[in-house]
Amino acid sequence: MRKGYLYILITTVMFTSYEVVLKYIAGQLNAVQLAFCRFSVGFLILLPLALHTLKKRGNRLDRGSVAYFVLLGLMGIALSMPILHMAVNYAGSTVPALLFSCNPVFVTFLAFLLLKEPIRPRNIAALLLEIAGTVAIIDPFHTSVAPTGIILAMVSTLLFSLYGVMGKGKCAQFGGAVVTCFSFLFGSIILLGFILLSHVPAVAGAAISLGLSDFANIPMFAGYTMENLPYVLFVSIGVAGAGFCCYFLAMEREPASVVSLVYFFKPALAPVLAWWLHGEVISPHMLTGILLIVAGSFCAIIPGILETRRKLPTAQ
């Protein structure tokens, strides 16, 4: 198996398990508090690998690179995640999940515009199949949705897509571990600023008046227990650390449009994992969506595998 596809597989498993694992600790921790914990712990876990990679490549972080990582952390960690949480407050979880799972649509065209990656017919076919599958799973047409929620979800998805595409632009220079580690660092610092700001009475009052009480007086340490600590460590070390690192390691080896397919695998695999761990029912429209998504993902990935095999030297 190509290393790029192995990294995509690990990323998919980690990202798919995130919400399913969070169900075990639902309501116990604030969303921004948990995001700060996830990405700050992820930074600490990745720091030795990032420093080793910098030394091995003979790279140093200059001011321009630091500013770039600050921008990545702002977009992908500090803004995208809280905005997605706000979208859920306005529109429920289904439609924001649908739009965020359409991340590859944004990535494919952003990679074309910013990285000059070609858009092949198989990419278009995969996107169409997987959009159809995601729609079938979430079934948004039976949900009344606030326009504000849709706009916020689209902004969050666009920001995270930019994070992935712009992060790929630095992977060739620094490596995936370095890009992930330092975007986590600066994203966590900005999140810490948000947490401290939320305790300013005027800011807390404004958040509460807008119906965003989760963004007022955000705790830092309250809510952690010995019971929820293993789940917090999993989403921090496993999902944030290993998952995001493998995401950018895959970006080093595969087109951004192919790597972003993990967000289409996720809505196909998450219902299966939820059925296995929580006993949630897989409805007929979910099963239809899963099949469409798997077909679309194979449509994007299998031709690349066959192309690689054709290029391998034939054994004599």
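A residue counts as buried here when its relative accessible area is under 20%. Keep that cut-off in mind as we go through the aromatic rings of this predicted model.

Let's start with the overall tally: a search of the whole structure turns up ten aromatic pairs. One of them is Y24 with Y231, a stacked pair whose centres are 4.9 Å apart and whose planes differ by 10°. Y24 sits in the loop between α1 (3–22) and α2 (31–57), while Y231 belongs to helix α10 (residues 229–253), so this contact ties together parts that are 207 residues apart in sequence. How open are these two tyrosines? Y24 is partly exposed, at 34% relative accessibility. Y231 is partly exposed as well, with a relative accessible area of 30%.

Now look at F69 and F182, another pair that is stacked, with 6.1 Å from centre to centre and 25° between the planes. F69 comes from helix α3 (residues 63–91) and F182 from helix α8 (residues 176–197), so here the pair ties together parts that are 113 residues apart in sequence. Are F69 and F182 buried or exposed? Both are buried, which means that each has under 20% relative accessible area.

Rings can also join up beyond a single pair. F15, F39, F160, Y163, F184, F244 and Y247 are linked into a cluster by ring pairs, so it's worth picking out these seven side chains together in the viewer.

Finally, there's a charge over a ring to find: K170 lies over the face of Y68, 5.0 Å from the ring centre.

Definitions and conventions:
Residues are numbered from 1 along each chain as its sequence is written. This is a predicted model: local features need pLDDT of at least 70, side-chain atom pairs count only at pLDDT 80 or more; totals for chains, interfaces and linings use all residues. Side-chain values use heavy atoms; hydrogens and water are left out. Rings of Phe, Tyr and Trp (its six-membered ring) pair if their centres lie within 6.5 Å; planes under 30 degrees apart count as stacked, over 60 as edge-to-face and the rest as tilted. Helices (H or I, at least four residues) and strands (E, at least two) are DSSP runs, numbered from the N terminus. Buried means under 20% relative accessible area, exposed over 50%, partly exposed in between (1.4 Å probe, protein chains only). A charge sits over a ring if NZ of Lys or CZ of Arg is within 6 Å of the ring centre and within 35 degrees of the ring normal.
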